[in-house]
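Trainee: I'd like a close look at one part of this protein, and I'm happy to be walked outward from there. Could you take me through it slowly?

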Amino acid sequence: MTSRQQGRRAVVTGLGVVAPNGVGADAFWKATRQGVSVLDRISREGCTELPLRIAGQVRDFEPQSAIDTRYLVQTDRFTHYAMAAADLAVADAGFRPDDGQPFAVGVVTAAGSGGGEFGQRELQQLWGQGPKFVGPYQSIAWFYAASTGQISIRGGYKGPCAVVASDEAGGLDALAHAARSIERGTEAVVVGAAEAPLAPYSMVCQLGYPELSLAERADEAYLPFTAQACGFAPAEGGAMLLLEDEQAARRRGATIRAQLAGHGATFTGASRWEESREGLAAAIRLALDEARVAPEEIDVVFADALGVPAADRAEALALADALGPAAERVPVTAPKTGTGRAYCGAPLLDVAAAVLAMEDGVLPPTPNVTEVCHDLALVTGRARPADLRTALVLSRGLMGSNSALVLRRGKRP
């Protein structure tokens, strides 16, 4: 790319997390490092009698304390999470946009389904009481672009804005999209994803996924790479990051938390998990090539970890195909087994965990998983110290998208 040749490179300067195991990067990392599992029975109103029993719920979040009332009434829960995480990321970076340059900051989010809870409520009003009882914000609050729009409006960010819709893998694709905006001249981009799929309408839609776990017990609901794997437990929440041009960030004295070094994306088709081996391996190679990183330089892999036997096998084989002999020794982890899989938000939480792991020099474990039945060096039990300079984050979507992202360690705090 011409812009990259001119020296512009995207780096992470801020992290904002709203996750089932903690709100804020510090709380999230403490629980992730300790291998805490917060999967539990779904307690949300209207959801308790559905076949889906176990998920990761965000419990320690009060939207009224984080978001102005005028925005709350216009938006769904998934946008509440995204707005709060965006505020945390910008504050973490100590970033203050230049008032004279409103078009220098953009927003990019990814979303899988949008605001199902808000939409369901308004449709119930429509059919129960009539069209006069449907609020005006129904037209925008359910829409998967709502988070990008509302973050842009609240922050006054008028630079390049976008929404990425490419399954769960869209979380990583959104980061790549934002990085390319930085390379083309944008000063900074608020980027990430947050989901809120735990509402009756949304959950009924998910029941059509054969990959969804319907386990009755939390410790059995999400066990990727094991003989007991029975699908994935869903989750809500996600993470937002602030990306900046590296040189501009250094000039203002910002801490460089990580560098987005390379990305690759492919497509292999819905639920074709055997074929995802080839597609995911291709995405990994593309990411490594763009990052100019050799397979043996990867210090940790944050796995997609779907929890479906065919998909787990395909991922293990894809790593072997793409990394060669290095795949036998590289540590692999899947912290999401303790929080659930938050669709587009899941890979963003993995990216946040990867950044924090490289800073802390610690490999976080894979909660609830003990005996692995695939040829992977999966980190189980407890966290362990490691010199982590380069991380590989993987994601696949239920509709067939594959994505890989290479991160390089920034300056340790």
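What is the relative accessible area of Cys205?

Mentor: Good place to start! Keep in mind that this is a predicted model. The relative accessible area of Cys205 is 43%. Buried means under 20% and exposed means over 50%, so a value in between makes this cysteine partly exposed.

Now let's see what surrounds Cys205. The largest pocket has a volume of about 460 Å³, and Cys205 is among the residues that lie nearest its centre, together with Gly112, Ser113, Gln206 and Tyr209. In total, 23 residues line this pocket. Two elements give two or more residues each to that lining: helix H6 (116-129) and helix H10 (200-206). By class, the lining of the largest pocket divides into eleven nonpolar, nine polar and three charged residues.

With a cysteine in view, it is natural to look for a sulfur partner. The structure holds zero disulfides. For Cys205, the nearest cysteine sulfur belongs to Cys47, and it is 12 Å away. A disulfide calls for two cysteine sulfur atoms within 2.5 Å, so Cys205 is in no disulfide. Cys373 makes a good companion case: its nearest cysteine sulfur, that of Cys230, is 13 Å away, and Cys373 is in no disulfide either. Cys373 is partly exposed as well, with a relative accessible area of 45%.

From the open pocket, we can turn to the enclosed spaces. The structure holds three cavities of 30 Å³ or more. About 100 Å³ of space lies in the largest cavity. It is lined by 17 residues, and the closest to its centre are Phe28, Thr32, Pro335, Lys336 and Thr339. Helix H2 (25-34) and helix H14 (345-360) each supply at least two residues of this lining, and H14 gives the most, with four residues. Sorted by class, the lining of the largest cavity has nine nonpolar, six polar and two charged residues.

The second largest cavity holds about 50 Å³ of space. Of its eleven lining residues, Ala179, Arg180, Leu260, Gly262 and Glu290 are the closest to the centre. Here helix H9 (170-183) and strand E9 (258-267) each supply at least two residues. This lining divides into five nonpolar, two polar and four charged residues.

You have now met H14 beside one cavity and H9 beside another, and these two helices also meet each other. H9 and H14 pack at an angle of about 65 degrees, with their axes 6 Å apart. Gly171, Leu172 and Leu175 of H9 make the contact with Pro347, Leu348 and Val351 of H14. By class, the residues of this contact are five nonpolar, one polar and no charged. When you look at helices like these, one rule is handy: an α-helix has 3.6 residues a turn, so residues three or four places apart point the same way.

Next, follow the chain into each of these two helices, and you will find a backbone detail to look at. Asp167 sits in the loop between strand E6 (161-164) and H9. Asp167 has a positive phi of about 65 degrees, although it is not a glycine. Tyr343 is found in the loop between strand E11 (331-333) and H14, and its phi is also positive, near 50 degrees. Such angles deserve a glance because most residues other than glycine have a negative phi. Tyr343 is buried, with a relative accessible area of 9%.

For a glycine with a positive phi, go to the end of helix H8. Gly156 follows H8, and its phi is near 70 degrees. Within H8 (residues 146-155), the buried residues are Ala146, Ser147, Thr148, Gln150, Ile151 and Ser152. Gly155 also lies in H8, but this glycine is partly exposed, with a relative accessible area of 37%.

Finally, here are two distances to try in your viewer. The C-alpha atoms of Gly155 and Ala305 are separated by 35 Å, and the two residues are 150 residues apart along the chain. For the second, begin at Gln34, which lies in helix H2 and is exposed, with a relative accessible area of 51%. From its C-alpha atom to that of Ala176, 142 residues away along the chain, the separation is 30 Å.

How values were computed: Residues numbered from 1 in each chain as written. Predicted model: local features only at pLDDT ≥ 70, side-chain atom pairs only at ≥ 80, totals over all residues. Heavy atoms only, no water. 1 Å grid on protein atoms, 1.4 Å probe; cavity = no way out; pocket = protein on both sides within 12 Å on 5 of 7 lines; lining within 4 Å. Points joined across faces, edges and corners; volume = space filled by probe spheres on them. Nonpolar A, V, L, I, M, F, W, Y, C, P; charged D, E, K, R; others polar. Axes fitted to C-alpha atoms, helices over the stretch in contact; angles between N-to-C directions. Contact = heavy atoms within 4.5 Å. Buried < 20%, exposed > 50% of the residue type's maximum accessible area, 1.4 Å probe, protein only.
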